[in-house]
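Let's take a walk through this structure together, one stop at a time. Have the sequence and the model side by side as we go.

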Amino acid sequence: MFRFENPIYLYLLVLIPILALIRFYVISKRRKKLKKFGDPELLKALMPDVSRFRPEVKFWLLMAALALLIVMLARPQMGTKISREKRNGIEAMIAVDISNSMKAEDVVPSRLDKSKMLIERMVDNFTNDKVGLVVFAGDAFIQLPITSDYVSAKMFLQNTDPSLIATQGTNIAEAINISMNSFTQQEKIGRAIIVITDGEDHEGGAVEAAQAALKKGMRVFVLGVGSTKGSPIPDGEGGYMKDNSGQEVMSALNEQMCKDLAKAGGGAYIHVDNTNAAQEQLNDELTKLQKGELSSVVYSEYDEQFQAFGILVLLLLIIEVCVLESRNPLLKNVKLFKRK
């Protein structure tokens, strides 16, 4: 399998046609100016050592060297070994509440940011497991399909924000249903749905969805984020969200709903106060799940190919230097480039 480590550099290849157009324009202007001096055939006779083709050859040698240099910067690599790894682990779908109430700052820096920190530490602790990411508010959708690529999981996690979903609310039931349909079809694998929320279930049906997940062998764990005392919700403009009567909207962690949901899903409820403690407690719960063999295709070895391109660049530059724009008087009888 062939790939580029830094493919962004390949966009620089657009410089080649741009430079070619600029050269064509400059040569056209130069020819127009030469015509003003006299007959073209007479000018050729007055400049016997000027070659028409040598500058063209030198230019395209430089362009070829530039193109290869850009490809070299992109770090071409060749996959030399494909392995189908068998690893013992579980599958976990993480459903993150990104409704506006998760902006509340009753935990530092905010409920949502605290959730992100927890998920990142959770992923760091995974070794032989697969993880997926679902985000939900009034609607729910898959942010990251289930994968063993933890780097991608962290990348998608950083882009998680309430602006991803226009419909506000907290539809936990839909998040659980989507998570249930996101696992692989492998058998004898421990599966967990990890719901991270403040428990404000506006749509209903969450308990029933958790019960359905349990019947399919999927445990539902609930991580409650926030304070039961309640907190105003920042509006992003230095103030706080208000209801229709002009009163500040207060959002509190609904622990009872979270506990009911975890009980219905055969999992556990964990209050996220201290991130480390919550992550350790969740790890203890996940290790109780049956671990089976997870298979994945991995290109485990990549050989760098930029050295070959570097050698070609060097050779082209040496040839370009050796080719003179005008004919060498010492080699005037050697006609590698015939003039017309």
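**From a charged surface to paired side chains**

Our starting point is lysine 32, which sits in helix 1, the stretch of residues 15-35. Keep in mind that you are looking at a predicted model. Is lysine 32 buried or exposed? With a relative accessible area of 60%, lysine 32 is exposed, because anything over 50% counts as such. Lysine 32 also has company: a surface patch of positive charge gathers Lys29, Arg31, Lys32, Lys33, Lys35, Lys36 and Arg52.

Now turn to helix 3, which covers residues 54-73. Its 20 residues, at 1.5 Å a residue, should span 28 Å, and the C-alpha atoms at its ends are 29 Å apart, in agreement with that expectation. Several residues of helix 3 are buried, among them Pro55, Phe59, Leu61, Leu68 and Ile70. Just after this helix, arginine 75 adopts a positive phi of about 55°.

Next, the charged pairs. Side chains of opposite charge can pair when their charged atoms come close. How many salt bridges does a search of the whole structure find? The search finds seven. One of the salt bridges joins the side chains of arginine 23 and glutamate 56, at 3.6 Å from N to O. Arginine 23 belongs to helix 1 and glutamate 56 to helix 3, so this pair ties together parts that lie 33 residues apart in sequence. Arginine 23 is partly exposed, at 21% relative accessibility, and glutamate 56 is partly exposed as well, at 30%.

Helix 3 offers another pairing, between lysine 58 and glutamate 320, whose closest N and O atoms are 2.9 Å apart. Glutamate 320 lies in helix 10 (residues 306-322) and lysine 58 in helix 3, so the salt bridge ties together parts 262 residues apart in sequence. Are these two partners buried or exposed? Glutamate 320 counts as buried at 12% relative accessibility, and lysine 58 counts as buried at 12% too, because the cut-off for buried is under 20%.

Further along, lysine 154 and aspartate 124 meet through their side chains in a salt bridge of 2.3 Å, N to O. This pair links distant parts of the chain, with lysine 154 in helix 5 (residues 150-158) and aspartate 124 in helix 4 (residues 111-125), 30 residues apart. Lysine 154 is partly exposed, with a relative accessible area of 25%, and aspartate 124 is partly exposed at 48%. Our last stop is a network: Asp106, Arg111 and Asp198 are joined into one by salt bridges that share partners.

Technical notes. Residues are numbered from 1 along each chain as its sequence is written. This is a predicted model: local features need pLDDT of at least 70, side-chain atom pairs count only at pLDDT 80 or more; totals for chains, interfaces and linings use all residues. Side-chain values use heavy atoms; hydrogens and water are left out. Patches are made of residues with over 30% relative accessible area and no salt bridge: like charges are joined within 9 Å, nonpolar side chains (Val, Leu, Ile, Met, Phe, Trp, Tyr) within 5 Å. Accessible areas come from the Shrake-Rupley method with a 1.4 Å probe; for residues, only the protein chains shown count as cover. A salt bridge is a side-chain nitrogen of Lys or Arg within 4 Å of a carboxyl oxygen of Asp or Glu. Lys and Arg count as positive and Asp and Glu as negative; His and the chain ends are not counted. The place of a charge is taken as NZ of Lys, CZ of Arg, CG of Asp or CD of Glu. Helices (H or I, at least four residues) and strands (E, at least two) are DSSP runs, numbered from the N terminus. Buried means under 20% relative accessible area, exposed over 50%, partly exposed in between (1.4 Å probe, protein chains only). The expected span of a helix is 1.5 Å times one less than its number of residues.
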